[in-house]
Amino acid sequence: MATKNVTFDPDAGVPKGVNLTMYGGSDFEVNLVVNTTSNTAFDLTNYSAAAKMKRNYNDSADDPNTVAFNAIIPTPATSGIVTLSLTSDSSATLQTRGRYVYDVEVSFVDSSSNTIVQRVAEGQIEVTPSVT
């Protein structure tokens, strides 16, 4: 499993660019270690995570090249880790070789019951389809 470090400043709200590689037809998993600007783990307690990849930014949600990752925040949430994964069956559906775009968002409900969404990472995924 790959691990990528991400520095996130919630005050600026600017996501970190992180590029990845995926091999179609194989299980895919990456840990994104989200750190604060002072290089400590971003506490993800009470947060949830979501992530998608698309061939192009403007592709619709029902486009066959749009895939939602299984995005989880493993315990302890204080470690700042977001794990993205796809099964081999899901990655095999990506038939087009090339660059895709993705992003990762974390969200929480504030004291006023508003859902606050923050994009912590985005970038490109180079997809190589399976031959077998």
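Which strand does Asn 31 lie in? Asn 31 belongs to strand β4, which spans residues 28-35. The model described here is predicted, and a good way into it is the sheet that contains this strand.

The sheet is open and has 4 strands, arranged in the order β1-β4-β8-β7, with mixed pairing. At its edges are β1 (2-7) and β7 (70-72), each of which pairs on one side only. From one strand to the next, the twist averages 20°. Strands of a sheet pair through backbone hydrogen bonds, and the pairing can be parallel or antiparallel.

Consider the β7 edge. Strand β7 pairs with β8 (residues 81-86) in the antiparallel sense, over 3 bridges. Here Ile 72 stands opposite Thr 83 of β8. Thr 83 also links back to the opening residue: its side chain makes a polar contact with the side chain of Asn 31, at 2.6 Å. Asn 31 counts as buried because its relative accessibility is 14%, below the 20% cut-off.

Now consider the β1 edge, where Lys 4 has its place in strand β1. Is Lys 4 buried or partly exposed? Its relative accessible area is 31%, so Lys 4 is partly exposed. Leaving out residues up to four places away in sequence, Lys 4 touches Val 18, Asn 19, Leu 20, Val 30, Asn 31, Leu 32 and Val 33. Asn 31 is thus met again, as one of the residues that Lys 4 touches. Thr 66, by comparison, lies 62 residues from Lys 4 in sequence and 22 Å from it in space, C-alpha to C-alpha.

Conventions
Residues numbered from 1 in each chain as written. Predicted model: local features only at pLDDT ≥ 70, side-chain atom pairs only at ≥ 80, totals over all residues. Heavy atoms only, no water. Pairing = 2+ DSSP bridges. Helix = DSSP H or I, 4+ residues; strand = E, 2+ residues; numbered from the N terminus. Axes fitted to C-alpha atoms, helices over the stretch in contact; angles between N-to-C directions. Buried < 20%, exposed > 50% of the residue type's maximum accessible area, 1.4 Å probe, protein only. Polar contact = N/O pair within 3.5 Å; in protein donor to acceptor, adjacent residues only side chain to side chain. Contact = heavy atoms within 4.5 Å.
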